[in-house]
Amino acid sequence: ASPPCSASNRGHIMWLFFAFISIPLIEIMLFLQLGSLIGIWFTLLTVIVTAFIGTILVRAQGLAALSQLQSSFSRLENPSQPLANGAMILVSGALLLTPGFLTDAIGFALLVPAVRISVYRYLQGKLSVHQFHMGPKSHPSNTDYPTYQQNTDPEILNADYEDITSKASDTKPSGWTKH
């Protein structure tokens, strides 16, 4: 048996239901209105061109967001904002690939960094991170270098690695593979 639906959850469900019904209706209305004003072929061309341009912009901004996320991980900083940026860029891509003028407008708006920052700040006020840990705990006497902690979980393997790609390219094939 599932728990009863609270009034707060019912409000969210009704909001989602309203969005799933109203957005396609608005898109159909916009297609009909713009199709009658500029013609069906120009309307369809506009949808295709916005999807193409949106894909290029989403790819470029997505790669930049991934770089920011990796940078925040390497500096052991809170990755909330880069993760939120990446999520908004992903939603933007989905909206831009969805045929329609309203979804394109929202998708392009989410590609504007100032809009993403505003949305992030708004959501930051609505959501809270209760706990965030990254990397091993630092030794109290030296906070610049994290201390090595022995792993007690048998499922996790601690290891060191060395990049040997430059060394391997200087040698002849090993004979294990046929070239």
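These legends go with a set of close-up views of one predicted model.

**View 1. The whole chain, before we zoom in.**
Let's start with the parts list: the predicted chain has six helices and two strands. Walk along the sequence and you meet them in the pattern α-α-α-α-α-β-β-α. The chain has 179 residues, and 17% of them count as buried. Its accessible surface comes to about 14,500 Å², with 67% of that belonging to carbon and sulfur atoms. Now for how the chain folds back on itself: take the contacts between residues at least 6 apart in sequence, and 54% of them join residues at least 24 apart.

**View 2. A nonpolar patch on the surface.**
Which residues make the nonpolar surface patch? The list reads Leu 37, Ile 38, Phe 42, Leu 45, Val 49, Phe 52, Ile 53, Ile 56 and Leu 57, and together they cover about 860 Å². Two elements, α1 (7-38) and α2 (40-74), each give two or more residues to this patch. The largest share comes from α2, with seven residues. Leu 37 is one of the patch members, and you'll find this leucine in helix α1. Leu 37 has a relative accessible area of 68%, so it is exposed, given that anything over 50% gets that label.

**View 3. Ile 48, a residue on helix α2.**
Stay on helix α2 for a moment, because that is where Ile 48 is found. Is Ile 48 buried or exposed? With a relative accessible area of 56%, Ile 48 is exposed. Now look across to Leu 96: the two residues are 48 apart in sequence, and their C-alpha atoms are 9.7 Å apart in space.

**View 4. Two phenylalanine rings that pair up.**
How many aromatic pairs does the structure hold? There is one, and its partners are Phe 31 and Phe 101. The rings are 5.4 Å apart centre to centre, with 55° between their planes, and the pair is tilted. This pair links distant parts of the chain: Phe 31 is in helix α1, Phe 101 is in helix α4 (residues 101-110), and 70 residues separate them. What about their surroundings? Phe 31 has 25% relative accessibility, so it counts as partly exposed. Phe 101 comes in at 17%, so it is buried, since the cut-off for buried is under 20%.

**View 5. The largest nonpolar core.**
Which residues make up the largest nonpolar core? Five of them do: Val 58, Ala 65, Ile 89, Leu 96 and Leu 111. Helices α2 and α3 (80-97) are the elements that give two or more residues to this core. Zoom in on Ile 89 and skip its neighbours within four places in sequence: Ile 89 is then in contact with Val 58, Gln 61, Gly 62, Ala 65 and Arg 116. Two of those names, Val 58 and Ala 65, also belong to the core.

**View 6. Arg 116, an arginine tucked under cover.**
Arg 116 was one of the contacts of Ile 89, and here we look at things from the arginine's side. Arg 116 is found in helix α5 (residues 113-126). Is Arg 116 buried or exposed? Its relative accessibility is 7%, so Arg 116 counts as buried. Leave out neighbours within four places in sequence, and Arg 116 is in contact with Gln 61, Asn 85, Met 88, Ile 89, Leu 110 and Leu 111. Among these, Ile 89 and Leu 111 are members of the largest nonpolar core. Gln 81 is 35 residues from Arg 116 along the chain, and 9.6 Å separates their C-alpha atoms.

**View 7. Tyr 120, also on helix α5.**
Staying with helix α5, we come to Tyr 120. With 14% relative accessibility, this tyrosine counts as buried. Which residues does Tyr 120 touch, not counting those up to four places away in sequence? The answer is Ser 80, Gln 81, Ala 84 and Met 88. For Ala 84 there is a distance too: the C-alpha atoms of Tyr 120 and Ala 84 are separated by 6.8 Å, although the residues are 36 apart along the chain.

Technical notes
Residues numbered from 1 in each chain as written. Predicted model: local features only at pLDDT ≥ 70, side-chain atom pairs only at ≥ 80, totals over all residues. Heavy atoms only, no water. Patch = residues over 30% accessible without salt bridge, like charges linked within 9 Å, V, L, I, M, F, W, Y side chains within 5 Å. Areas by Shrake-Rupley, 256 points an atom, 1.4 Å probe, with all protein chains shown as cover. Salt bridge = Lys/Arg side-chain N within 4 Å of Asp/Glu carboxyl O. Helix = DSSP H or I, 4+ residues; strand = E, 2+ residues; numbered from the N terminus. Buried < 20%, exposed > 50% of the residue type's maximum accessible area, 1.4 Å probe, protein only. Contact = heavy atoms within 4.5 Å. Phe/Tyr/Trp six-rings, centres within 6.5 Å; stacked < 30°, edge-to-face > 60°. Core = buried A, V, L, I, M, F, W, Y, C linked by side-chain atoms within 4.5 Å.
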